[in-house]
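Subject: Structure handover and notes

Dear colleague,

I am passing on the structure below, together with notes on what was found in it. Please read the notes with the model open beside you.

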Amino acid sequence: MLDEIYQECEMDMEGALEHMQNLFKTLRTGKVTTQVLDGIKIDYYGAATPLSQVATVLATDATTITVSPWEKPLLSAIESAIAKANIGVNPNNDGEQIKLFFPPMTVEQRQESAKKLKKMGEDAKVAVRNDRRKANDTIKKLEKDKEITEDDSKRAQDNIQKITDKMVAKIDDIIKQKEQAIMTV
């Protein structure tokens, strides 16, 4: 019974970690990645469709992304969706594909990205702590219902805290690595 609580708690915390890492992909570091376009949706025959499902998206070099639509009529819809997304560059349409030229990041932009990174990390830590609270509440309820002893409850809460500490340390390590990548010129 307690093992199930530990496993569920750890899975929930891993989910928070995974969510944080997915959010990190949207941050710009020194080299541009195609993930900056992940949130962009195109009106494709009446359905909001992710850009990657209607076009080939490639980072051709450290500062350029090329978007080649699979159907020519989508070119203008893609161009306007990118412009609306406000990702910091204007799309350049050459009639065949759209090119996005990202200027090199300034020190201020790097600092802003690092600030966003830390905020995302803090949000992940809050989610982990919420998962800890949920697991501890379940354990306390088991103790109250006399399904486990007070000693078992204390031990179980200590185990949940160890899982939490491990997850927070993992988050801190990932943040430190990402921050180095952002701040490296």
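Two strands are said to pair if DSSP finds at least two bridges between them, and helices (H or I, at least four residues) and strands (E, at least two) are DSSP runs, numbered from the N terminus. In that sense, strand β4 (residues 64-69) and strand β6 (residues 98-101) are paired antiparallel through 4 bridges.

Before the rest, a word on the source: this is a predicted model, in which local features need pLDDT of at least 70 and side-chain atom pairs count only at pLDDT 80 or more, while totals for chains, interfaces and linings use all residues. Residues are numbered from 1 along each chain as its sequence is written, and side-chain values use heavy atoms, with hydrogens and water left out.

The sheets

The pair just described belongs to an open sheet of 4 strands, ordered β3-β4-β6-β5 and paired antiparallel. Its edge strands, each pairing on one side only, are β3 (55-61) and β5 (92-93). Between β4 and β6, Val67 stands opposite Ile98, and Thr66 has Lys99 as its bridge partner. Lys99 is also the bridge partner of Asn92, and β5 is joined to β6 by 2 bridges in an antiparallel run. The hairpin of β5 and β6 has 4 residues between the strands, and Gly95 there takes a positive phi near 90°.

In a regular strand the side chains alternate between the two faces of the sheet. For β6, the covered face holds Ile98 and Leu100, whereas Lys99 and Phe101 are on the uncovered one.

Strands β1 (residues 41-44) and β2 (residues 47-50) run antiparallel and are joined by 4 bridges, with Tyr44 bridged to Ala47 in β2. The hairpin that they form has 2 residues between the strands.

Loop residues

Most residues other than glycine have a negative phi, and most peptide bonds are trans. Tyr45, in the loop between β1 and β2, has a positive phi near 50°. Lys146, in the loop between α3 and α4, likewise has a positive phi, near 65°. For accessibility, buried means under 20% relative accessible area, exposed over 50%, and partly exposed in between (1.4 Å probe, protein chains only). Tyr45 counts as exposed because its relative accessible area is 69%, and Lys146 is exposed because its value is 73%.

Thr33, in the loop between α1 and β1, is partly exposed because its relative accessibility is 27%. Contact means heavy atoms within 4.5 Å; leaving aside residues up to four places away in sequence, Thr33 touches Lys25 and Ile65. Its C-alpha atom is separated by 9.6 Å from that of Thr60, 27 residues apart along the chain.

The cores

A nonpolar core is a set of buried Ala, Val, Leu, Ile, Met, Phe, Trp, Tyr and Cys residues joined through side-chain atoms within 4.5 Å. The largest has 27 residues, of which Leu2 and Phe24 touch the most other members. Helices α1 (2-24), α3 (107-144) and α4 each supply at least two residues of this core. Apart from it lies another core, of 19 residues, including Val67, Leu75, Val89 and Phe102.

With residues up to four places away in sequence not counted, Phe24 touches Leu117, Met120, Gly121, Ile174, Ile175 and Lys178. Thr164, in helix α4, is buried because its relative accessible area is 2%; on the same basis of counting, Thr164 touches Met13, Val128 and Arg132.

The pockets

On a 1 Å grid over the protein atoms alone, a pocket is an open set of points where a 1.4 Å probe fits, with protein on both sides within 12 Å along at least five of seven lines, and lining residues have an atom within 4 Å of a point. The largest pocket is lined by 19 residues, and Thr26, Arg28, Ile87, Ser113 and Lys116 lie nearest its centre.

The second largest pocket is lined by 14 residues, with Phe24, Lys25, Leu27, Thr29 and Lys178 closest to its centre. Helix α4 (residues 150-183) gives the largest share of that lining, 4 residues.

With best wishes
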